[in-house]
Amino acid sequence: MISLILTILYLAKDTVHRWFTRASSPLARVLVVYFLSLCALFFLGSYVISAKAIRDKIRSRGGDLVAAFFVIPGGSGSPCIPSRAETQDLLGADSVAVIPAGSATAGERHPVQIITYDFRRAGQFMPLLSPSGGPTLLYPEDNAPLPPGPVDISGISQWSNFTAMVRHLPSDHLLMRLVQNGALLVPPELVEGMNASNSGSRYIRMLLQVQELENAESLHRISRFLNKLKTLEKLEGNVSSAAALLEEMDIILGNQNQCRATFCLGIVAIVGILLTALAGMEYRQNEFIYTLMKSFGINPILLVGTFIMENLVLVSVSFAAAVTTFMYSQKIIVTQFFKMGMYSLELQEIMPEIRLISFTLLFCVLISSIPIMVAANRQIGRVLK
């Protein structure tokens with residue numbers, strides 16, 4: 001055990017001594033791995049940022065939404081539309097569903113549609129009603145024709161004129177994305193008489209928002225569910241989404257994955273050749289000493305492991321420095337060179353690329369040890385003759 005520890009200490013001391021006496025060898029490995037890793041991070045990081053920018057643009061234009069319009073035939077009962085909690089658990093999507101109930105006039109000249117909801121979604125809509133539980137006129141906050149406060153509602157033949165409260169919601173609120181110009185939200189008990197007197201068809205408008213938009217399959221899964229619901233409940237209508245657009249984007253991103261693989265193969269070739277050449281050269285310069293150590297009973301595995309650990313330490317330090325440089329300078333590179341706007345990446349967002357490059361460099365280190373393994377297993381007599 002003591003001899004093993006002394007051998008390891010001697011090999012470590014010999015490695016450090018070689019670094020100081022021939023500084024060009026470790027310096028060349030550090031600089032090549034550092035700059036190649038930094039270039040790879042900027043290249044792959046630009047891919048991640050471009051994908052992030054595309055997904056953000058798709059989301060802002062409704063690409064993460066699935067819209068459904070169902071017609072309930074006259075005289076039929078209420079269909080079993082899933083609640084918000086059910087869509088979240090089954091489909092991983094937030095949802096909102098409203099029942100159009102006519103139109104009215106807010107104030108003197110502001111037309112507004114009337115919507116209500118199913119009792120199963122009361123928990124979702126009750127916080128949006130006025131404090132008294134009465135109707136509320138909802139508008140998006142960046143496009144509201146009326147300020148918050150009470151407003152007179154008229155133009156409804158079944159009801160006498162009444163006062164509703166105006167409330168502003170964020171424009172990205174799911175209900176505002178469904179009723180973009182605002183709507184008068186009325187509790188279902190106030191429109192029951194109106195529905196009873198209406199023997200015609202009723203309508204349900206539903207909007208689902210995918211919580212994690214990874215690919216087109218997440219939208220297809222929701223569309224299949226809604227189409228099956230339409231068939232089972234014997235409803236008419238349609239279901240629409242941006243799944244076709246996402247499929248095209250998935251194809252483009254798939255092609256970019258091939259470019260990433262090719263780029264990483266280039267890194268393997270350059271770093272692998274460099275590490276192999278330098279490690280082989282340094283082993284040959286000290287081959288006589290290492291062979292003497294073998295003749296004294298030193299296992300060749302220790303000699304090979306020394307060069308593997310040496311390259312692993314140098315590559316790890318270089319790669320860690322490249323990652324640190326990238327994280328601190330990415331905003332400048334992205335905004336000035338790639339012209340992608342004020343996008344930046346968190347460490348967890350670029351972590352798959354970091355793992356990809358680190359596995360590539362680890363492969364290079366292992367490949368560079370092959371000539372050392374061959375040389376370390378040469379017969380002692382051929383070297384010491």
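Leu27 is found in helix H2, which covers residues 24-60, in what is a predicted model. With a relative accessible area of 48%, Leu27 is partly exposed, because that value falls between the 20% below which a residue counts as buried and the 50% above which a residue counts as exposed. Together with Leu31 and Phe35, Leu27 forms a nonpolar patch on the surface, and the accessible area of these residues together is about 290 Å².

**The chain as a whole**

- The secondary structure of the protein chain comes to 13 helices and 9 strands, and buried residues make up 44% of its 385 residues.
- About 20,400 Å² of the protein chain is exposed, and carbon and sulfur atoms supply 62% of that area.
- When contacts are taken between residues at least 6 apart in sequence, 81% of those in the protein chain join residues that are at least 24 apart.

**Aromatic pairs**

- The count of aromatic pairs comes to 4, and two of these pairs, one edge-to-face and one stacked, are described here.
- The rings of Phe42 and Phe326 have their centres 5.1 Å apart and their planes at 65 degrees, so this pair is edge-to-face, the angle being over the 60 degrees that this class requires.
- Phe42 lies in helix H2 and Phe326 in helix H10 (residues 300-336), so the pair ties together parts of the chain that are 284 residues apart in sequence.
- Both of these residues, Phe42 and Phe326, are buried.
- The rings of Tyr117 and Phe125, by contrast, have their centres 4.8 Å apart and their planes at 5 degrees, so this pair is stacked, the angle being under 30 degrees.
- Tyr117 is buried, with a relative accessible area of 5%, and Phe125 is likewise buried, with a relative accessible area of 1%.

**Strand E8 and its partners**

- Strand E8, made up of residues 202-210, is mostly covered, since 7 of its 9 residues are buried, which means that their relative accessible area is under 20%.
- Strand E1 (residues 65-72) is joined to E8 by 8 bridges, and the two strands run antiparallel; within this pairing, Val71 has Tyr203 of E8 as its bridge partner.
- Strand E2 (residues 93-106) is also antiparallel to E8, to which it is joined by 6 bridges, and here Ala97 stands opposite Met206 of E8.

**Strand E4 and its partners**

- Strand E4, made up of residues 136-140, is mostly covered, with 5 of its 5 residues buried.
- In a regular strand, the side chains alternate between the two faces of the sheet.
- Both faces of E4 are covered, with Thr136, Leu138 and Pro140 buried on one side and Leu137 and Tyr139 buried on the other.
- E4 pairs with strand E6 (residues 162-169) in the parallel sense over 5 bridges, and the bridge partner of Leu138 in E6 is Arg167.
- E4 also pairs with strand E7 (residues 183-185), here in the antiparallel sense and over 3 bridges, and the bridge partner of Leu137 in E7 is Leu184.

How values were computed: Residues are numbered from 1 along each chain as its sequence is written. This is a predicted model: local features need pLDDT of at least 70, side-chain atom pairs count only at pLDDT 80 or more; totals for chains, interfaces and linings use all residues. Side-chain values use heavy atoms; hydrogens and water are left out. Patches are made of residues with over 30% relative accessible area and no salt bridge: like charges are joined within 9 Å, nonpolar side chains (Val, Leu, Ile, Met, Phe, Trp, Tyr) within 5 Å. Accessible areas come from the Shrake-Rupley method with a 1.4 Å probe; for residues, only the protein chains shown count as cover. A salt bridge is a side-chain nitrogen of Lys or Arg within 4 Å of a carboxyl oxygen of Asp or Glu. Helices (H or I, at least four residues) and strands (E, at least two) are DSSP runs, numbered from the N terminus. Buried means under 20% relative accessible area, exposed over 50%, partly exposed in between (1.4 Å probe, protein chains only). Two strands pair if DSSP finds at least two bridges between them. Contact means heavy atoms within 4.5 Å. Rings of Phe, Tyr and Trp (its six-membered ring) pair if their centres lie within 6.5 Å; planes under 30 degrees apart count as stacked, over 60 as edge-to-face and the rest as tilted.
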